[in-house]
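Student: Could you take me through a close look at one part of this structure, the place where the ligand sits, and explain step by step what surrounds the ligand there?

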Amino acid sequence: MAEDLQIISGTKNEQYEALLPQIEALISYETDLVANLGNVVAALKEQFQWFWVGFYVVKEGELVLAPFQGPVACTRIRKGKGVCGTSWEQKQTLIVPDVDQFPGHIACSSLSKSEIVVPVIRNEEVVAVLDVDSDAYNQFDETDQYYLEKIVELLRF
Ligand code: SME
């Protein structure tokens with residue numbers, strides 16, 4: 001059984017430093033991917049209270065909605081489309097301080113204002129993306145990129 005997540009206050013750096021070993025512990029004994037994706041998004045949502053946190057997994061040439069926390073969302077995204085599809089195509093993390101300034105941004109919710117998308121890369125191919133949305137502008141920076149990239153590295157796809 002999972003123990004309750006220890007939620008901490010402090011700088012963003014401190015919050016991630018406290019969260020990282022807990023996420024590692026949560027997923028280390030479980031081999032089921034959906035279970036682990038579910039717990040990773042739940043842990044991130046609990047700690048940071050972001051508007052939307054979730055995975056899209058590459059299936060049959062599209063990104064398909066996978067475990068998430070937040071309002072209902074678009075279920076399928078094609079390569080090169082939106083922030084998620086662009087992150088997939090470019091194989092890199094994208095930080096979007098104002099979603100209205102990102103050409104082709106897919107608005108699953110009008111309340112989403114800024115976003116970070118982190119690709120999960122295995123054998124040089126993107127197998128999924130982690131998408132985090134905030135209802136405030138300018139919420140994501142290199143600290144989020146650094147730690148979210150570390151967190152997705154922990155997942156066994
Ligand atoms: N905004 C994303 C779509 C996914 S939702 O935000 C959950 C995009 O432009 O790819």
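**The surroundings of the ligand**

Tutor: In this predicted model, helix 3 gives the most to the shell around the ligand, with three residues. Helix 3 covers residues 82-90, and two further elements, strand 1 (52-59) and strand 6 (125-134), join helix 3 in each supplying at least two residues of that shell. Altogether 13 residues surround the ligand, and the closest are Val 83, Cys 84, Ile 106, Glu 115 and Asp 133. If you sort the shell by class, you will find eight nonpolar, two polar and three charged residues.

Let us now turn to individual atoms. An oxygen atom of the ligand lies 2.7 Å from an N or O atom in the side chain of Asp 133, and for Asp 131 the corresponding distance, again from a ligand oxygen to an N or O atom of the side chain, is 3.4 Å. With Val 83 the partner is in the backbone, where a polar atom is 2.9 Å from an oxygen atom of the ligand. As for how far the ligand is covered, on its own it has 310 Å² of accessible area, and the protein covers 99% of this.

The next step is to ask what kind of space this is. Rolling a probe the size of a water molecule over the atoms shows where empty space is left. The structure holds one cavity of 30 Å³ or more, and the largest cavity, with a volume of about 170 Å³, is where the ligand sits. Its lining is made up of 21 residues, and those nearest the centre of the cavity are Ile 106, Cys 108, Glu 115, Asp 131 and Asp 133. Within this lining, 13 residues are nonpolar, four are polar and four are charged. Helix 3 gives the most here too, with three residues, while strand 1, helix 3 and strand 6 each supply at least two residues of the lining.

Finally, please keep the cavity apart in your mind from the largest pocket, which has a volume of about 150 Å³. The residues that line the pocket are Glu 3, Asp 4, Leu 5, Gln 6, Gln 22, Ala 25, Leu 26 and Tyr 29, and by class they comprise four nonpolar, two polar and two charged residues. The ligand, to return to where we began, sits in the largest cavity, with Val 83, Cys 84, Ile 106, Glu 115 and Asp 133 as the closest residues around it.

Conventions. Residues are numbered from 1 along each chain as its sequence is written. This is a predicted model: local features need pLDDT of at least 70, side-chain atom pairs count only at pLDDT 80 or more; totals for chains, interfaces and linings use all residues. Side-chain values use heavy atoms; hydrogens and water are left out. A residue is near a molecule or strand if one of its heavy atoms lies within 4 Å of it. A polar contact is a pair of N or O atoms within 3.5 Å; within protein, one must be able to donate a hydrogen and the other to accept it, and residues adjacent in sequence count only if both atoms are side-chain atoms. Accessible areas come from the Shrake-Rupley method with a 1.4 Å probe; for residues, only the protein chains shown count as cover. On a 1 Å grid over the protein atoms alone, a cavity is a set of points where a 1.4 Å probe fits but cannot get out, and a pocket is an open set with protein on both sides within 12 Å along at least five of seven lines; lining residues have an atom within 4 Å of a point. A molecule sits in a cavity or pocket if more than half of its atoms lie within 2 Å of its grid points. Helices (H or I, at least four residues) and strands (E, at least two) are DSSP runs, numbered from the N terminus. Ala, Val, Leu, Ile, Met, Phe, Trp, Tyr, Cys and Pro count as nonpolar, Asp, Glu, Lys and Arg as charged, and the others, Gly among them, as polar. Grid points are joined across faces, edges and corners, and a volume is the space filled by probe spheres set on the points.
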